[in-house]
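Please open the structure in your viewer and keep the selection tool at hand. The tour proceeds from one selection to the next.

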Amino acid sequence: MEVVLFEDGLVPQLFPITIGRPAFQIHCGSYCLGELLGRLGSLRAALVRPYLSDLVQADHPDWTVWPSPQGLASSDKKCLLVNARLVPGVTVVRQLAELVKSEQPMLIQSGDCVAAAVVPSVDPLKGEQLTGNQLAEWLDELQLPVVESDLPLLHYPHDVVRYHLAVLNDNLEDRLAKGDYRELTDGVFAAEGATLGDYCVADASQGPIVLEERAQIGPYCYLSGPAHLGAGARVIEHAAIKDAVALGHTTKIGGEIEASIIEPYTNKQHHGFLGHSYLGSWVNLGAGTSNSDLKNTYGQVGMEYEGRKVATGMQFIGCMIGDYAKTAVNTSIFTGKTIGVCSMVYGFVTTNVPSFTNYARSFGQVTEVSAEVLVSTQARMFARRNVVQRPCDIQLLRDMYELTRHERRIAEEPLSL
C-alpha cells in the first residue's frame, strides 16, 4: 500500500508547535510520525498547509507535496491516508496496521476526527488547491465503511508532552530492537561514536537510556531513563537528564531537564530547570532560565490557546516554546505558558507570549520584531551549524510573521500592567 500523510483543519490548534512544521514532523516519544509510517507501505505524498509545501518538498524531494500544480500522479495501488496528528508511537502504528491489514476500503474514525482511511486509489486527488477540508469532503463522498477506533490524535500542544510520557518507553525498546547499539553500562546503550563521560551516574530502572551516533555526555552527569539523545547531541558536565527526556539531533544541553522534548538545533546549554515542556528548533535558553511545571496549589494545570481556556487534566505541565524563540539570562517562565515563534523574552513570563515579539512585560515593555530581523538572525544561526539557508527557510519566516499578526495586538494597543 502507498501511504499519504494529510493535515486536517485542527492542526492550527497545535500552534506554536506547528506554525513552522507539518504535524507529522513533531517529535513525540523520540519518533516523528513520518519515521514510523514507512513500515506500513511506501511513503509517497503529503498534504500540508499551502505555505509549508515548498519547505516539505525541499526536505522530502521524493514525495509529492500538495498543494501542487502537478497534483498527485495516478496510481492503481490502494492508498492509506493517515492524519498527520496521529501520535507517533510504535504501538499506535501497530494498531493502525492491524486495522488496515485487509486493505479493504474503510474510514477509520477516532472520536470526531478521521484518523486514517484506505481508499481504492488516489486518482481523484489531483486538485492544485486541495486542502485538508476538501480531502475530508472527498472522503465523505466516497461513503466508505466506517470503523470506530481509539487511535490517539494530538489536539493541543500539551498533548505532545502527555503522549510523549506514554509512548517513550515502548519507542525506545523498538529502537533498541531494530538498531545497532552497544551497552556502555547497565541500561545505557550507545550507537557508533557516542560517548559517556567519566563519573556519570545512570539509573535505567524505569527505562533505557539510548544515545544515537556521536552523542556526547560530559563528566559528572546524572542520567535517568527512559531517555533518548539524538545524533550529535551534547550534554555538558554536571547536567541532570531525568525521566522521559528526548533530545533532537545537534542539541546542546545543560542544567536540569525532566520529561521534556527538545527539537533539533536547540540550545539549553547553561544551568536552570526545564520540566514537562516542549522546545521547538533553533531555540536558545539563556543561562538561569527556568520554568515552573507545577502549580503551588498542586491542582491540574489549565492552558490558554487563542484566548480560550483548555483543561489539560495534567498536574505537571511546563511551557510550549515555538521555533527560533530565545530567552535572556535568568528568565522565569510561569506554569503552562506558550511562547510564540521568533520571540525574545526577558524577566518573568506571566502570560502567553505572541510570536515575533520582544517580551519584557515585567519591565513594562513589549514590542514587535520584524520578519527581516529574523531572516538575518537565521542566517547567522545556520552558519554556526553549517546549515545552508534556503529560499524556503527565508520565506517560511515571512509567512509565519503574516500568519501570526493577530497575536500582536500590542502593536496597536498600549500595554496595561
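Select strands β1 (residues 2-6) and β2 (residues 42-47) of this predicted model. The two strands run parallel and are joined by 5 bridges. At glutamate 2, look across to β2, where serine 42 stands opposite. Strands of a sheet pair through backbone hydrogen bonds, either parallel or antiparallel.

Next, widen the selection to the whole sheet. This open sheet has 7 strands in the order β3-β2-β1-β4-β6-β5-β7, and its pairing is mixed. At its edges are β3 (64-66) and β7 (146-149), each of which pairs on one side only. From one strand to the next, the twist averages 20 degrees.

Now add helix α3 (residues 90-100), which lies across β4 (79-83), β5 (106-110), β6 (113-119) and β7. Relative to β5, helix α3 runs at about 145 degrees.

Move on to helix α5 (residues 157-178), which has 22 residues. From its first C-alpha to its last, α5 reaches 29 Å, close to the 32 Å expected at 1.5 Å a residue. Centre the view on valine 167, where α5 bends by about 50 degrees.

Finally, select serine 277, in the loop between β23 (273-275) and β24 (278-279). Is serine 277 buried or exposed? Serine 277 counts as buried because its relative accessible area is 0%, and the cut-off for buried is under 20%. A polar atom of its side chain lies 2.7 Å from the backbone oxygen of glycine 275. The side chain of serine 277 also reaches the backbone nitrogen of cysteine 319 at 2.9 Å. Among the residues that serine 277 touches are Val161, Asn291 and Met320.

Definitions and conventions
Residues numbered from 1 in each chain as written. Predicted model: local features only at pLDDT ≥ 70, side-chain atom pairs only at ≥ 80, totals over all residues. Heavy atoms only, no water. Helix = DSSP H or I, 4+ residues; strand = E, 2+ residues; numbered from the N terminus. Buried < 20%, exposed > 50% of the residue type's maximum accessible area, 1.4 Å probe, protein only. Polar contact = N/O pair within 3.5 Å; in protein donor to acceptor, adjacent residues only side chain to side chain. Contact = heavy atoms within 4.5 Å. Expected span 1.5 Å × (residues − 1). Bend = angle between axes of the 7 residues up to and from the residue. Pairing = 2+ DSSP bridges. Axes fitted to C-alpha atoms, helices over the stretch in contact; angles between N-to-C directions. Lists of a residue's contacts leave out its neighbours within four places in sequence.
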